[in-house]
Amino acid sequence: MALTGLEIFKLLPKTNCKKCGKPTCLAFAMALAQKRAKLEECPDVSEEAKEKLAAAAAPPMRKIVFGKDDNQVQIGQETVCFRHEEKFHSPTIIGVTVSDKLTGADLSERIKSINALQFERIGMKIGVQAVAVVNDSGSTEAFAKTAAAVKDGSDLALILITQSPDAIAAAVAKVGDRIPLLGYAEADTAEAMAKIAKESHCPLVAKAESIDALSDLSEKIAGCGVEDIVLTLVGSSPRDRLYGLSRMRVLSLKKVFRPLGYPTISFVTEPDADTQVASALSLICKYSDIVVVDTVEPYALLPMLTAVMNIYTDPQKPVQVEPKVYTIGEPDENSPVMFTTNFSLTYYTVESDVEASRIPSYILVVDTEGTSVLTAYSGDKLNEKIVADAMVKYGIEKLVKHRKLIIPGYVAVMSGKLEEATNWEVMVGPRECSMLPKYLQEVWN
Ligand code: SF4
């Protein structure tokens, strides 16, 4: 259990020396209990106290990493129940199943379909990140063989799903070097599964039908020396599962209840793609760290991945596109040049309106830390020097032979200074970029 501020205070040197930046040891103890301070900030804490305080200082939810190299994924490490309180740290991983009943061309086709579930949205890549090999056959040999085939055919992170310790051991022998997530240990297989997980340095899924049973099981597995545990709550209706996951999240983060201080995995078992979307979306919202589905329908995966992207962006950081010169159509040395900011919504609105004009163009995207045109201008993140520097940095002069720059109508006020800074003729575009097609047709055709 987490220590209270007063319990922590009793373990501190009580000299009020202020080296930690807090006015008193009590203030530091309170900050530590609320996870607003780190134990290392007190240089005088004793080794004995350090050991006792380590639990209080540890994050409420453990970070788990599995997969290797490019396919490594991270879950957990969450500190808040609601995104607006700070931010979420680890986006939900979407995984897709591969049954070990599949063989030959069917197996290859399934792996290929899963690999293809990658999309681009507002300039960012989103996609399935894990493949879950499921021991539907009940055969140890088939499970290990399928795991090996998935390892060879896909770069995605691996999850191994069976209730048999023998099957897990056989599969780990084939794919253990990829650090798969091993699932699953139940009350009667906990020791055997924990032994394999510990020896292979792989994280282990604990599975139970109630929160109480799950916390008992995670304590049992931790007692076997496995630190990286993922929890799965099964056997309940979607409604009960949502309540169960929410309760577990509150207990782990607000009450710092260590047996539940691990990320979760959920398996969507609905029979068709449409109902799998609904179930997965509910699990992504609250609070599954990995959601495994059966469907490989792109139309079903896209809303899941979009939901993950929207929920897990940092609310304090606007979504940005890369500052550079973007080409619309096939522009040449006579094509118009305009600039906008690197706030994604601004850029993609401008891009679609320039496309609608059917005039091939260059759009210079200036780094304004992801803010829109007016916000950037009023915060001095967009001025004549920043635009002039970006024009030089991205080699605009070499792309066109004219010297005309179209600027957003909202910052017409900077046109004079921009002309002085660049020696380019500045043309003030429309305030609303929905007017860009008409404007470009009129001034550039
Ligand atoms: Fe107390 Fe340690 Fe902070 Fe000094 S540095 S005030 S001893 S908690």
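Reader: In the hairpin of β1 and β2, which residue takes a positive phi?

Author: Start with the general idea. Most residues other than glycine have a negative phi, and most peptide bonds are trans. In this hairpin, Gly 67 takes a positive phi near 85°. Six residues lie between the two strands. This is a predicted model: local features need pLDDT of at least 70, side-chain atom pairs count only at pLDDT 80 or more, and totals for chains, interfaces and linings use all residues. Residues are numbered from 1 along each chain as its sequence is written, and side-chain values use heavy atoms, with hydrogens and water left out.

Reader: How many bridges join strand β1 to strand β2?

Author: Some terms come before the count. Helices (H or I, at least four residues) and strands (E, at least two) are DSSP runs, numbered from the N terminus. Two strands pair if DSSP finds at least two bridges between them. Here, four bridges join β1 (residues 63-66) to β2 (residues 73-76), and the strands run antiparallel. Look for Ile 64: it stands opposite Ile 75 in β2.

Reader: What order do the strands have in the open sheet of eight?

Author: Read across the sheet: β10-β9-β8-β7-β6-β3-β12-β11, with parallel pairing. β10 (229-233) and β11 (265-267) stand at the edges. Each has a single partner strand, so one side of each is left without a neighbour in the sheet. Neighbouring strands are turned by 25° against each other on average, direction ignored. Such angles use axes, which are lines fitted to C-alpha atoms, for helices over the stretch in contact, and they run from 0 to 180 degrees between N-to-C directions.

Reader: How many bridges join β9 to β10?

Author: Five, and β9 (residues 204-208) runs parallel to β10. Ala 208 of the model stands opposite Leu 233 in β10.

Reader: Which residue has a positive phi although it is not a glycine?

Author: Asn 16 has one, of about 50°. Asn 16 lies in the loop between α1 (5-11) and α2 (25-33).

Reader: Which residues does a cis peptide bond join?

Author: One such bond joins Gly 183 and Tyr 184, with omega about 0°. Tyr 184 lies in strand β8 (residues 181-185). Another joins Lys 286 and Tyr 287, with omega about -25°. Tyr 287 is found in the loop between α10 (273-285) and β12 (290-293).

Reader: How many cavities does a search of the whole structure find?

Author: The idea is simple. Rolling a probe the size of a water molecule over the atoms shows where empty space is left. On a 1 Å grid over the protein atoms alone, a cavity is a set of points where a 1.4 Å probe fits but cannot get out; lining residues have an atom within 4 Å of a point. Grid points are joined across faces, edges and corners, and a volume is the space filled by probe spheres set on the points. The search finds two cavities of 30 Å³ or more. The largest has a volume of about 90 Å³. About 50 Å³ lies in the second largest. Among the residues lining the second largest cavity are Met 61, Arg 249 and Tyr 287.

Reader: Which residues lie nearest the centre of the largest cavity?

Author: Cys 17, Lys 18, Cys 20, Cys 25 and Cys 42, out of 13 lining residues. The space taken by the ligand is this largest cavity. A molecule sits in a cavity if more than half of its atoms lie within 2 Å of its grid points.

Methods:
On a 1 Å grid over the protein atoms alone, a cavity is a set of points where a 1.4 Å probe fits but cannot get out, and a pocket is an open set with protein on both sides within 12 Å along at least five of seven lines; lining residues have an atom within 4 Å of a point.
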